[in-house]
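Dear colleague,

Please find below the structure that I am handing over to you, followed by an account of what was found in it. I would be grateful if you could read the text with the coordinates open beside it.

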Amino acid sequence: MAEIALFHYQTRETALHRYDPRHKLPLLILMVALLFHTGAWGLLFLSALLAAGGAIGRLSLGDLFRGLLPLGLLILAGFLAEALTVPGAKVIAGLPVTREGLVKGGLLAWRLAAVVLLGTLFTATTSIRDLRSAIVWYLRPFPALHGGRIATMIGLTISLIPLVFDTQGEISDALRSRCIERSGRFVRRAGALAAPLIIKTFTRADEMVQAMEARCYSDERTVARLRARSSDWMVTILVGGAAVGFLVLFPG
Amino acid sequence: MSLIEVQGVSHRFADGTIALQGVTLAIADGELVLLAGRNGSGKTVLMKHLNGLLRATEGRILLEGRPIEEDLPGARRKIGLVFQDPDAQLIGQTVREEVAFGPENLRLPAEEVARRVEAALSAVELSKLADHVPRRLSGGEKRRLAVAGVLVMEPRVIIFDEPFSGLDYPGVLQVLREILRLHTEGHTIVVITHEIEKILGHATRLVIMDGGCVVGDGRPADLLDRLEAHGIRRPAANGQGVAGMTWLR
C-alpha cells in the first residue's frame, strides 16, 4: 500500500470514498463531540469505528498511525502534563506520577490521537471538491454567509496542511544531513526548523494564490453533483444513533 | 494587428527593485517565441504581466487591441501560464480535479467541465492517470498536467516558464513534443528559458532580455552571436545551423 501522509487525500474506489459528504460532515462533527464528551467506553466505540473506517477506506492502521508521528511529541507532552500534575496515589516513590494522572493522561493522549486519526480518515477519503460542494449545500439557505468563499477557505486550509508537513519533512532531512541533532540546544534546533518552514509555507501559499488567479479563480464555481444513496442514509442513522447513545449513556 | 502588444512596460517592486524597464514587444498570432535571458533578467516578471498577475508601474499591455485590465478574466482565459514549478500550480487532489479547476471557476455546466477535462487529459495523454494524486506523478507528467490545466481553458496563447528545468532527458522530450504539438495545432507559444539549445531550432523568433530590458529581438540565426554577452550559452552548431539546435534530432 502506498505511504499515507497526514491529511493527504487517497484516491480509492471504496464505500467510504463514495459516502455522501453531506452525511460524512455532520457525522464527523458528532464524532468530535463524542470524543470530548464521553469516557473510555465512548473512546473505545470511536476507536472501533476508526478501525472499521480505515478498513473500509482501505487505509491500514499502520499507515494511519504513521500519520501520528509528526504530532507524537504534542501527544506525549499532553500525557506527561496530566501524569505529573494530577494529584492522587503515587505510583513510584519519589516521582510525582500518580495513578489518577496516568489515567487522565492516557485518556487525553487517546483523545488527541483519535482526533488526528479522525481528521486523517476524513481527509483521506473526502476530496476537497466534494467537501466544498457539501459546505456550499449546507450554507445555501444563508446567502449572507458567502458559502462559496467559506468553502474555498476551508478547502485551501485543508490542502495547505499536508504541504506544511511535507515541507517540514524536507527541511528536517536537510537539517539532519548537516548533523543538526548534534546541536545540544533545543531552541537552536527549533529555530533552524521554524524559520525556513514559515518562509517556505508563505512562499508556497503565495505561489498557490498566483496559480489560482492565473486560472480565473472565483468564489462562485461549478459545484460537484452530490448523490445520497439509501445505504448512506442507513449508515448515518446507525452510526449517528450509536454515537448519540454513547453520549447519553456514557457521558465523560 | 498583433495578438499581444507590450507597450513601454516598466515594473518597480515595493522595495525599489526595478524588474522591467520600458519593455516593448509585439507577438503575432501563431508565433513560437523564445524569450531568453540570464537569471533575474525580468523574463518571469514580464510573463506575469501578460496574464495580469502583476500590474505595470508604467506602460500597458494590449490583447487583441484592448488593455488586458478591461477584461482580466477574459485575458486569463486566452493567455494560459504554465509555471516553472509545476508543484506550485497543482491545486486539485486528483489529476481530474486539477484540470477541472479552471473551467469550474468559469462556472461552466458540469457536463461541459467534464467534456473539456477529458479532452485536455487526452491531448496530453494523461487520461489513464485521471484518478491519480498529482504530487505522485513524475516531473514530465506534472508538466503535462499543468499544460492540461491551461489547455482546458481553450487559450489562444500558452506561455511556458522554464518548461525544461529539473527534467531528465525523457521528460524534456515529452514536454518539447507537447509544446511543438500545441504550436502545430495553432496556439501561439511563448517559451521562457535559458536552456535554449533544447528548442531554439523550432523557434520562429528569439527575444533576449537583460537587466529588465529587451536587448535583442529577431530571427534566432541573427542573434546567436549576441547570446553569450547576455549570460546565455550559445548552443553548439552541429553542421545544421539553427535548425539543428533541438533535443528532438
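Of the 252 residues of chain A, 25% count as buried. Please bear in mind throughout that this is a predicted model. Chain A contains ten helices and zero strands, and its pattern along the sequence is accordingly written α-α-α-α-α-α-α-α-α-α. Taken along the principal axes, the box filled by the C-alpha atoms of chain A is roughly 65 × 50 × 40 Å. If one considers the contacts in chain A between residues at least 6 apart in sequence, 74% of them join residues at least 24 apart.

Chain A is divided into two parts: domain 1, made up of 1-145 + 229-252, and domain 2, covering 147-218. A distance of 24 Å separates the C-alpha centres of domain 1 and domain 2 of chain A. Where these domains of chain A touch, 14 residues of domain 1 are in contact with 13 residues of domain 2. Which helix gives the most to the domain 1 side of this contact in chain A? That helix is α7 (residues 128-139) of chain A, with six residues. By character, the side of domain 1 of chain A that touches domain 2 of chain A divides into ten nonpolar, two polar and two charged residues.

I turn next to chain B. An open sheet of six strands is present there, in the order β6-β7-β8-β3-β9-β10 and with mixed pairing. Its edge strands are β6 (79-82) and β10 (213-218) of chain B, each of which pairs on one side only. From one strand to the next, the twist averages 20°. As a general point, strands of a sheet pair through backbone hydrogen bonds, either parallel or antiparallel. Strand β3 (residues 32-37) and strand β8 (residues 188-192) of chain B pair in the parallel sense, over four bridges. In this pair, B:Leu35 stands opposite B:Ile192 in β8(B).

Two helices of chain B may be described together with the sheet. Helix α7 (residues 169-184) of chain B packs on the sheet and touches β3, β7 and β8 of chain B; the direction of this helix makes about 150° with that of β8(B). Helix α6 (residues 139-151) of chain B lies across β6 and β7 (157-161) of chain B, and runs at about 165° to β6(B).

Helix α6(B) also meets α4(B). The axes of α4(B) and α6(B) come within 7 Å and cross at roughly 35°, and the crossing is right-handed. On the α4(B) side the residues are B:Val95, B:Glu98, B:Val99, B:Phe101 and B:Gly102, and they meet B:Leu145, B:Ala148 and B:Gly149 in α6(B). The residues of this contact divide into five nonpolar, two polar and one charged.

Finally, there is the contact between the chains, which takes 27 residues from chain B and 21 residues from chain A. On the side of chain B that touches chain A, the elements giving two or more residues are α2 (72-78), α3 (86-89), α4 (95-105) and α5 (110-123) of chain B. The largest share of that side, five residues, comes from α4(B), the helix that also crosses α6(B). The residues of chain B on this side divide into 13 nonpolar, eight polar and six charged.

With kind regards

Definitions and conventions
Residues numbered from 1 in each chain as written. Chains lettered and ligands numbered in written order. Predicted model: local features only at pLDDT ≥ 70, side-chain atom pairs only at ≥ 80, totals over all residues. Contact = placed C-beta atoms within 7 Å. Nonpolar A, V, L, I, M, F, W, Y, C, P; charged D, E, K, R; others polar. Buried ≥ 20, exposed ≤ 12 C-beta atoms within 10 Å, placed from the backbone. Pairing = 2+ DSSP bridges. Axes fitted to C-alpha atoms, helices over the stretch in contact; angles between N-to-C directions. Left-handed = near helix turned anticlockwise from the far one by under 90°. Domains from an automatic or database assignment.
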